[in-house]
Amino acid sequence: MSTVVLLTVTGLGLAALYFLVASGLSLIFGLMGVLNFAHGAFLTIGAYGTWWAAENLPGAGSGGWGFVLGVAFGVAVGTVVAALVELLLIRPLYERHIEQVLVTVGLSLALVALVRAIWGADPRPFPAPAWAEETTSVLGASVPNDRFLLIGSAVVVLLAVLAFLRYTRFGLVIRAGVENRSMVTALGIDVRRAFTLVFALGGAFAALAGALGGVYLGSISPGQGTSLLIFAFIVVVIGGMSSITGAAVAAVLVGLVQQFANYYAASGVGDLSVVLLLALVLLTRPGGLTARVA
Amino acid sequence: MSRKLTRLAPLVVLVVLAVLPFSTLQLPGLFDGVLNSPGTLQLLALCLVFGGVALSYDLLFGFTGLLSFGHALYFAGGTYVANLALTELGWGLGAAVALTTVVGVVLPLLVGGVALRVSGIAFSMVTLAIAQVGSIVVLRDPGGLTGGEEGLALDRSNVPDAFVGVLNTVNLYWLALAYLAVVYVVVAWVTGSRAGRVWQAIRENERRVEVLGLRPYPFKLVVFVLAGLLAALGGVVHLLLLGGSTPRTTTADFTLGLLVMVVLGGAGSRWGAVLGGVLYTYLDSRLTDLASSAAVQDLPAWLRVPLSEPLFLLGSLFVLVVFFVPGGIAGLVARLRERRAGRRPGRPSGGATPPPGRVVEQLRETASRGVGVGAGGPRDGV
């Protein structure tokens, strides 16, 4: 029983990471039709930003408010980089989706290489707060606290995004833009401002995922973002490409399947079963879980 | 006159490349040693192999419009299967190549059979995910077969003597050249065939092909398998050239590298893709040497740090090409030619085939119509 609880909570923690990355991806894809390969680089930047802040920024550190400040700094850096990427590199290629994807591919290579050039390819120990390393007893299982941090953050982000989309004017524009972008433009609303916003939001979530992933894994390395990105892509496709709730459901599914299969079968089988799950979903429901039946 | 010249150009290039190992020309700056030194020949052979592999990827991306992110799987499959056959099973080279050919057909057939049921971005994602399985399997080192992160060294006792040893690098060079020539001829032949016309039609407008009464699925499956097979054979040449298989060839970054090569040279152009592959491989190797050279090490940190990562430079170059040289090198040449011929640049040159290297521009029209999951239908908001 305690194993099942531990696996479930760990799977949900992993799902939280996937969701943080995938939510930005699916918002961007839904609104702009761009599959953002640079998302993994945003994640890496967020992780290294937090790590750098903990070492160098006065007031930031690995415990208490210092940790919050460090994460806030990492998220801010990720947000700014994402917004700049949208403004300088994506916007000039407006409506040219393949080129936009190619630019993000180039960026994903270049940005990760830059991080590697500056801080080296070796993993760096990540400054996690002490309480995240302790465990809490849940139904007889001692669960590391960082899982709760991950799950809590993801739930907060999910609720905040849903509220933002439902109750604000910008959210309305984004929802309408996902539904039918040309109609929104025809009504005289500048969708491009929403593009920048969505990109910045996605960058912020990815950076947060990078910082939390550092806590979860205990160390950070430049290639981390790319390996997480592939699973986030799978989550996005299973979730139906442009739906936030779909991404959340798919993230939970993928995280749990991966954890349980990795434990009960063999290490690596979990990753394989996730791909199998993707093939299965695509063959039975080609539009993903949330696709409407036309 | 110029038409005849363009027809003959590949042949001339082939002859020049074939006799190149007899030259002792010193090209300071470009290569470290004289042209026929083993080091230079090894680098040139590597460039030629990747020229061929890039062309096989162009067959998918440039000629048919299938943006696969899993091409690394077939290349890596080629090197690992051939390596296992030679090293573990102790087979001869001929048998190993035969086995690789079988795998090189069956593997893309299975993957393509599933992946091609969806189109657009979803297709890219499925190929990416399946290729990731290959990467995971190789890294987990099942039964100590693949060597995990270390890679798998080739046992050369079953390789013909002509391909073993530093002095025989020249034979490997010719092997790589032969591989490239075969790929080029095959691609030239199939893209000119009736199936090739259908592929290009699928790239431009898949729905129209359906309306004309053809089923795109088998055509796409055939080109997927052919490109996979050519890549797998490239993997065998790569294996002989480097004397081992490395897990780096299984990663998504490897496929992204192929994509960069093709776009750099010009998607939808045969010589463009080859040139892109050659250029990328050459730059990757030379920039790595440059990074460790004294000239760079003495630079101030803000210059030295970015220069020490070839991928940073190549990635940035790629972004610049996408922005300022749409159509890559082949597109640039086509535009210059149009200008010289007195036509206004950018105007379509007429005829059924699009100007080489302009494929990306055409693909984007397809993409903007929203190919992929949920195309045409209303998409869910929240």
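Colleague: Which residues of chain B does the UniProt annotation "transmembrane region" cover?
Modeller: This is a predicted model, and the annotation comes from an unreviewed UniProt entry. For chain B, that record gives residues 40-59, 66-85, 91-111, 172-196, 217-242, 254-280 and 311-334.

Colleague: How far apart are the end C-alpha atoms of residues 66-85 and of residues 217-242 of chain B?
Modeller: Residues 66-85 of chain B are 70% helix and 0% strand, with end C-alpha atoms 31 Å apart. Residues 217-242 of chain B are 100% helix and 0% strand, and there the distance between the end C-alpha atoms is 37 Å.

Colleague: How many helices and strands does chain B have, and what percentage of the residues of chain B count as buried?
Modeller: Chain B holds 16 helices and two strands. Among its contacts with a separation of 6 or more, 74% join residues 24 or more positions apart. Of the 382 residues of chain B, the buried share is 49%.

Colleague: Where does UniProt place the feature "transmembrane region" in chain A?
Modeller: The entry is again an unreviewed one. Two of the spans it lists, residues 64-89 and residues 194-217 of chain A, are each 100% helix and 0% strand, with end C-alpha atoms 37 Å apart in the former and 34 Å apart in the latter. The full list in the record for chain A is residues 64-89, 101-119, 148-165, 194-217, 229-256 and 263-283.

Colleague: Is helix 4 of chain A roughly parallel or roughly antiparallel to helix 14 of chain B?
Modeller: The axes of helix 4 (residues 97-119) of chain A and helix 14 (residues 310-324) of chain B come within 7 Å and cross at roughly 155°. Because angles over 145 degrees count as roughly antiparallel, helix 4 of chain A is, relative to helix 14 of chain B, roughly antiparallel.

Colleague: What is the handedness of the crossing of helix 4 of chain A and helix 14 of chain B: left-handed or right-handed?
Modeller: The contact involves residues of helix 4 of chain A including A:Gly106, A:Ala110 and A:Ala113, and residues of helix 14 of chain B including B:Gly315, B:Phe318 and B:Val322. The crossing of these two helices is left-handed.

Colleague: What span should helix 10 of chain A have, and how far apart are its end C-alpha atoms?
Modeller: Helix 10 of chain A comprises 16 residues, 224-239. At 1.5 Å a residue it should span 22 Å, which agrees with the distance between its end C-alpha atoms, 23 Å.

Colleague: How many residues of helix 10 of chain A are buried, and which residue follows this helix?
Modeller: Helix 10 of chain A is largely enclosed by the rest of the structure, because 15 of its 16 residues are buried. The residue after helix 10 of chain A has a positive phi, near 100°, and is A:Gly240.

Colleague: What is the relation of helix 10 of chain A to helix 11 of chain A?
Modeller: The axes of these two helices come within 8 Å and cross at roughly 125°. The crossing is right-handed, and among the residues that meet are A:Phe231 and A:Ile234 in helix 10 and A:Ala247 and A:Ala250 in helix 11 of chain A. With that crossing angle, helix 10 of chain A is, relative to helix 11 of chain A, oblique.

Colleague: Against which elements do the buried residues of helix 6 of chain A pack?
Modeller: Helix 6 (residues 145-167) of chain A has 23 residues, and its expected span of 33 Å agrees with end C-alpha atoms 33 Å apart. Its buried residues are A:Asp146, A:Arg147, A:Leu150, A:Ser153, A:Ala154, A:Val157 and A:Val161. They pack against helix 1 (2-32), helix 5 (130-133), strand 3 (141-144), helix 9 (191-217) and helix 11 (244-264) of chain A.

Colleague: Is B:Ala291 buried or partly exposed?
Modeller: B:Ala291 lies in helix 11 of chain B. Because a residue needs 20 or more other C-beta atoms within 10 Å to be buried, and B:Ala291 has 17, B:Ala291 is partly exposed.

Colleague: Which residues is B:Leu177 in contact with, leaving aside its neighbours within four places in sequence?
Modeller: B:Leu177 is part of helix 6 (residues 169-192) of chain B. With 22 C-beta neighbours inside 10 Å, B:Leu177 counts as buried. Beyond four places in sequence, the contacts of B:Leu177 are B:Leu17, B:Ala18 and B:Leu48.

How values were computed: Residues numbered from 1 in each chain as written. Chains lettered and ligands numbered in written order. Predicted model: local features only at pLDDT ≥ 70, side-chain atom pairs only at ≥ 80, totals over all residues. UniProt positions renumbered as here; feature names shortened; annotations may be inferred. Helix = DSSP H or I, 4+ residues; strand = E, 2+ residues; numbered from the N terminus. Expected span 1.5 Å × (residues − 1). Buried ≥ 20, exposed ≤ 12 C-beta atoms within 10 Å, placed from the backbone. Axes fitted to C-alpha atoms, helices over the stretch in contact; angles between N-to-C directions. Parallel < 35°, antiparallel > 145°, perpendicular 65-115°, else oblique. Left-handed = near helix turned anticlockwise from the far one by under 90°. Contact = placed C-beta atoms within 7 Å.
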